[in-house]
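Work through the exercises below with the sequence and the structure side by side. Try each task before reading its solution.

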Amino acid sequence: MNQEINSTIGALEKFAGEFGETLPKDIIEKLKEAEESTESIYSKKERIQAFKQLINCQKQLLGIRRSLRTLIIPEQEKELSMMRFSLLKELELSNLLRNPSIAQAIIKNYANFTAFYQKKYKQYHQKREEEKANFFALWEELVATNDIISKLNRISCLGEPVGLEEQKLVDNLGRIFSRCSELNISPDSLVCENCGAKLGEKVPVDALKEVHKTLTRLLKHRLQALSRILISKVVDERGNQKLQALIDSVTLSNLSDIAELLDDNLIGLIDDITS
């Protein structure tokens, strides 16, 4: 029995260390006192067994605590917040050592919490996708505009590239406004692994509108500059139908045609005749 008690104390000290704390002296003293007490062997073994079960649940309990601490819960989700607060109180080392048999109950309560959280998340995710759908047309137009500006930036006669910072924003927005066709909730982070949206996170519609406005303005200026250059430089290239089609498209600001016409060969030709 003495060896088992000492072994349990050592395991509990490691357990406390994983929680970033030290094993309270009163726990050590109570376990050592059990060696000399008149308490029945059965009661002693029962207490030690409870601590062993707690130690066996260490990995799960630490994982639960880590998940609860990093989980984002919006202010309006009062019930979820209260459930998390209650679980974190139960996971305090002092409570675990005082009630070692509570480990399984905590694991069960956490399962109930995650089920409730996932239900809330599914509702949020559906509403988020519906909101995003209202702006898919604007997003697709932004992507097309960004693509044309990227191509125009390769034409040397237009000078230094423009919209580079905005293009970085487009990349970031792409992770948000791309359709999330299938909800796949991670059991660890409790967010969708496909889109990464966090519960309550707002769709950045204002940012989308602002970068769309900026890139549209830049594209207009870029096309006007290209139109002036082309018209003044293509006297000897009138026989090139593709170039003539580009001039017509630029003049009419036909974005879909411009995007299709601006391939590597035509970009190279423009560079040649404007150099």
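**Exercise 1. Classify Cys195 by its relative accessible area, then decide which cysteines of this predicted model are in a disulfide.**

Solution.
- Step 1. Cys195 has a relative accessible area of 22%. Buried means under 20% and exposed means over 50%. Cys195 is therefore partly exposed.
- Step 2. Count the disulfides: the structure holds 0.
- Step 3. Check Cys180. The nearest cysteine sulfur belongs to Cys192, 3.7 Å away. A disulfide needs sulfur atoms within 2.5 Å, and Cys180 is in none.
- Step 4. Cys180 has 10% relative accessibility, so it counts as buried.
- Step 5. Return to Cys195. Its nearest cysteine sulfur is that of Cys180, at 3.8 Å, and Cys195 is in no disulfide either.

**Exercise 2. Describe the surroundings of Asn153: where does it sit, and what does it touch?**

Solution.
- Step 1. Place the residue. Asn153 lies in the loop between α8 (136–152) and α9 (164–177).
- Step 2. Judge its exposure. Asn153 counts as buried because its relative accessibility is 13%, and the cut-off for buried is under 20%.
- Step 3. List its neighbors. Leaving out residues up to four places away in sequence, Asn153 touches Pro161, Val162, Leu164, Gln167 and Arg222.
- Step 4. Look for a polar partner. The side chains of Asn153 and Arg222 make a polar contact at 3.2 Å.
- Step 5. Follow Gln167 into α9. Gln167 is buried there, as are Val170, Leu173, Gly174 and Phe177.
- Step 6. Check the span of α9. Its 14 residues reach 20 Å from first C-alpha to last, close to the 20 Å expected at 1.5 Å a residue.

**Exercise 3. Find the largest nonpolar core and say which helix gives the most to it.**

Solution.
- Step 1. Start from the general rule. In soluble globular proteins, nonpolar side chains tend to be buried together.
- Step 2. Size the core. The largest one has 43 residues, and Leu61, Phe113, Tyr117 and Tyr121 have the most contacts inside it.
- Step 3. Assign it to helices. At least two residues each come from α1 (2–18), α2 (25–36), α3 (41–56), α4, α5 (78–90), α6 (93–98) and α7 (103–133).
- Step 4. Pick the main contributor. That is α7, with 9 residues.
- Step 5. Inspect Tyr117. Beyond four places in sequence, Tyr117 touches Leu71, Ile72, Ile73, Leu80, Leu190 and Leu199.
- Step 6. Look for a further core. Another one lies apart from this core and has 31 residues, including Leu142, Leu215, Ile247 and Ile258.

**Exercise 4. Is Arg66 buried or exposed, and how far is it from Asp188?**

Solution.
- Step 1. Locate Arg66. It is in helix α4 (residues 58–70).
- Step 2. Apply the cut-off. Exposed means over 50%. Arg66 has 54% relative accessibility, so it counts as exposed.
- Step 3. Compare sequence with space. Arg66 and Asp188 are 122 residues apart in sequence, and their C-alpha atoms are 9.5 Å apart.

**Exercise 5. Summarize the whole chain: which elements does it have, and how much of it is buried?**

Solution.
- Step 1. Count elements. The protein chain has 13 helices and 0 strands.
- Step 2. Take the burial. Of its 275 residues, 41% count as buried.
- Step 3. Take the surface. The chain exposes about 16200 Å², with 48% supplied by carbon and sulfur atoms.
- Step 4. Weigh the contacts. Among those with a separation of 6 or more, 73% join residues 24 or more positions apart.

Technical notes:
Residues are numbered from 1 along each chain as its sequence is written. This is a predicted model: local features need pLDDT of at least 70, side-chain atom pairs count only at pLDDT 80 or more; totals for chains, interfaces and linings use all residues. Side-chain values use heavy atoms; hydrogens and water are left out. Helices (H or I, at least four residues) and strands (E, at least two) are DSSP runs, numbered from the N terminus. Buried means under 20% relative accessible area, exposed over 50%, partly exposed in between (1.4 Å probe, protein chains only). A polar contact is a pair of N or O atoms within 3.5 Å; within protein, one must be able to donate a hydrogen and the other to accept it, and residues adjacent in sequence count only if both atoms are side-chain atoms. Contact means heavy atoms within 4.5 Å. Accessible areas come from the Shrake-Rupley method with a 1.4 Å probe; for residues, only the protein chains shown count as cover. The expected span of a helix is 1.5 Å times one less than its number of residues. A nonpolar core is a set of buried Ala, Val, Leu, Ile, Met, Phe, Trp, Tyr and Cys residues joined through side-chain atoms within 4.5 Å.
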